[in-house]
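Biologist: I would like a close look at a single part of this model. Please take one helix and its surroundings, and then place it among the other parts of the chain.

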Amino acid sequence: MQSLQALTLALSGALTSQDVARAVVEEAVRALPADAGALFLLDADGGTLELVHTVRYLPAMEAAFARVALTARVPVADAVRTGTPVWLESTAAFARWYPETEATTRTAYTGALSCVCLPLMARRCVVGVLALTWWNERSFDDEERAFLGMLAQQAAMAVERARLLAAERRQAERAELLQSATATLATSLDVGQSLRAVALTLVPSLGDFCVIDVRGPDLEVRRTFHALSPASAALLAASHWHPPEAPGTPVWGLDTGQPAFHPRVDAAWVESTAGGPSGRELLRALAPCSWLSVPLTTPEGVLGSLTLGYSLSGRHHSEEDLALATELARRATAAVQNAHLFHQTQQALQLRDDFLAIASHELNTPLTSLKLQLARLQRGAADEDVRTRASAAVHQVDRLGRLVRELLEVSRLSEGRLHLDPEPVDLVELCREVLGRFSDEMTRAGTAVHLTAPGALAGRWDRARVDGVVTHLVSNALKYGQGQPVELEVTGTPEDFARLVVRDRGIGIPAEQQAHLFQRFGRAVPLRHYGGFGLGLWFSRQVVEAHGGHIHLESAPGVGTTVTVELPRTPAAT
């Protein structure tokens with residue numbers, strides 16, 4: 001009872017399988033007493049016993065029994081296979097039942113010996129075996145056998161508890177690893193940068209090296225990697241993925257589109273692979289002891305592969321590692337696809353902006369020539385009807401010219417080329433100039449426009465850009481004002497801003513449609529009833545904000561629309 005209590009106390013602080021094995025073996029050897037002891041645990045595959053801790057066995061014996069296959073004809077394997085203790089009370093019993101084990105033992109020890117191998121049962125399954133040895137022959141009475149049975153039961157429960165704790169700890173670590181890798185993939189649309197960060201995250205948790213191969217839009221496979229060993233990193237830096245060159249064991253998930261899961265590999269496995277001479281040369285140099293490669297698959301085909309390997313650490317992958325790597329590959333696939341789509345979208349936008357820039361420049365030349373010809377016709381024609389029609393044509397050419405200029409501004413702003421050239425400007429004078437250009441349009445629409453201003457209001461702005469803003473706002477007020485009076489009000493503010501308010505009493509805009517009006521091509525009215533590209537407010541916002549100001553809109557259906565622009569009179573240098 002004292003021995004069992006001492007063992008219970010020792011096991012209470014044992015949180016890992018190694019701690020449990022140490023406590024059980026040392027307490028059992030002390031309590032019986034025994035001359036030597038060892039504890040073996042089944043590996044993750046359940047086909048091999050691994051030596052976890054020993055007391056007083058010679059190094060030669062430890063090396064001989066470091067790993068024991070369950071198919072081997074040895075006492076510890078029999079105890080696990082049958083689930084019952086193996087009692088060997090004499091050297092003769094050893095020689096009769098396990099001649100090979102007895103011969104191996106003789107190379108390290110001479111003289112008589114006896115042994116007992118106790119299976120550790122947890123939840124009706126054998127998880128390991130406790131072996132105790134005496135350098136003499138002895139028998140085990142019922143009391144000793146009962147004591148050893150209780151000791152094995154205590155050990156089995158402690159091993160199971162340690163395994164559950166380890167599994168819970170691994171689960172938490174895997175969840176954290178998956179979360180970290182997912183966050184890394186979401187931080188950037190730069191595929192190379194994201195995958196390098198993921199490879200860095202996975203080493204050494206899931207491998208001593210990590211290789212991510214991805215096929216780009218140009219179908220070229222690019223390799224990203226990270227390795228603990230500088231030598232392995234150098235090897236991977238000089239390597240490239242190549243399709244299989246000969247029949248053999250698949251190595252990369254990109255080869256077949258299927259996982260390549262090899263938890264235990266050796267030199268013979270390397271020579272059996274399908275990678276060809278260069279691929280096998282790389283594997284020989286990496287010297288993996290465990291290999292795991294999962295494909296990055298899409299409905300269109302295999303996009304790449306995520307490969308993990310253990311080498312220097314001597315660790316081996318498990319089914320849990322395979323499941324985690326598969327989930328990581330799925331998320332990496334989504335990230336790579338998003339990056340590719342973003343790249344394609346950027347290319348399409350660049351092509352569109354290039355087209356707009358070229359089209360705008362090409363249209364300006366014939367429009368200018370046409371306007372000059374119409375102006376000459378308007379001045380020189382003797383027929384009043386001809387002059388009237390020429391005047392209407394000039395108006396349409398002016399309107400077309402404004403649309404072309406809007407397209408040109410879109411291309412410049414999309415490329416980030418909105419350059420400001422500030423100069424002294426009187427905002428009130430500028431508004432009068434703009435209204436002067438709209439005199440014919442105001443007459444045709446029958447709309448009165450009133451400008452209210454306390455006097456000159458000067459500031460430093462880009463005259464052409466601010467002129468464009470006022471032009472857009474007045475044009476919108478006339479277009480949507482339904483012939484009702486339009487008001488412009490120019491005032492200063494205590495914060496040394498110039499405020500321009502353009503107010504109409506027209507159709508107004510519903511609240512749910514106002515949010516996107518300052519976006520490119522944002523519209524709140526049907527195109528078939530009202531022309532234009534829907535660029536005026538977007539352009540105005542870019543110009544105002546580039547000056548350090550702000551613009552906002554208030555509107556309601558049937559009430560009208562009020563747009564307020566505030567510009568600092570001395571904007572920051574750009």
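Which residue just after α12 takes a positive phi, and of about how many degrees?

Modeller: The residue is A287, with a positive phi of about 50°, just after α12. Bear in mind that this is a predicted model.

The helix itself, α12, spans residues 276-286. Its buried residues are G276, G279, R280, L282, L283 and L286. They cover an arc of only 155° around the axis, which puts them on the same side of α12. The face turned away from that buried side carries P277 and E281, which are exposed.

Several elements take part in covering the buried residues of α12. Among them are the strands β7 (209-215), β8 (221-227) and β10 (290-298). The helices α9 (230-237) and α11 (267-271) are also included.

Two of these covering elements are joined by an aromatic pair. W269 lies in helix α11 and W291 in strand β10, so the pair ties together parts that are 22 residues apart in sequence. The geometry is tilted, with 5.9 Å centre to centre and 45° between the planes. Both W269 and W291 are buried. Ring pairs link these two tryptophans with F209 and W252 into a cluster. In the whole structure, a search finds five aromatic pairs.

Now the other parts of the chain. Six strands form an open sheet, with antiparallel pairing, in the order β3-β2-β1-β6-β5-β4. Its edge strands, β3 (67-69) and β4 (86-88), each pair on one side only. On average, neighbouring strands of this sheet are turned by 20° against each other, direction ignored. Between β2 (residues 48-55) and β3 there are three bridges, in the antiparallel sense. One residue with a bridge partner in β3 is T48, and that partner is A69.

Helices pack on this sheet. Helix α2 (residues 17-31) touches β1 (36-42), β2 and β6 (125-134), and its direction makes about 55° with that of β2. Helix α4 (residues 75-82) touches β1, β2, β3, β4, β5 (114-122) and β6, its direction making about 145° with that of β6.

Further along the chain, the largest nonpolar core has 39 residues. Those with the most contacts inside this core are L427, V470, V474, L488 and L500. Elements that give two or more residues to the core include α15 (427-437), β15 (486-492), β16 (497-504) and α18 (536-546). The most comes from α17, with seven residues. As for L500, the residues it touches, not counting those up to four places away in sequence, include L427, C431, V470 and V563. Apart from this core lies another, of 29 residues, among them A21, V24, L32 and L130. In soluble globular proteins, nonpolar side chains tend to be buried together.

One last residue is D426, in strand β12 (residues 423-426). At 18% relative accessibility, D426 counts as buried, because the cut-off for buried is under 20%. D426 touches A456, L457 and A458, not counting residues up to four places away in sequence. From A382, D426 is 44 residues apart in sequence and 40 Å apart in space, C-alpha to C-alpha.

Notes:
Residues are numbered from 1 along each chain as its sequence is written. This is a predicted model: local features need pLDDT of at least 70, side-chain atom pairs count only at pLDDT 80 or more; totals for chains, interfaces and linings use all residues. Side-chain values use heavy atoms; hydrogens and water are left out. Two strands pair if DSSP finds at least two bridges between them. Helices (H or I, at least four residues) and strands (E, at least two) are DSSP runs, numbered from the N terminus. Axes are lines fitted to C-alpha atoms, for helices over the stretch in contact, and angles run from 0 to 180 degrees between N-to-C directions. Contact means heavy atoms within 4.5 Å. Buried means under 20% relative accessible area, exposed over 50%, partly exposed in between (1.4 Å probe, protein chains only). The arc is that of the directions from the helix axis to the C-beta atoms. A nonpolar core is a set of buried Ala, Val, Leu, Ile, Met, Phe, Trp, Tyr and Cys residues joined through side-chain atoms within 4.5 Å. Rings of Phe, Tyr and Trp (its six-membered ring) pair if their centres lie within 6.5 Å; planes under 30 degrees apart count as stacked, over 60 as edge-to-face and the rest as tilted.
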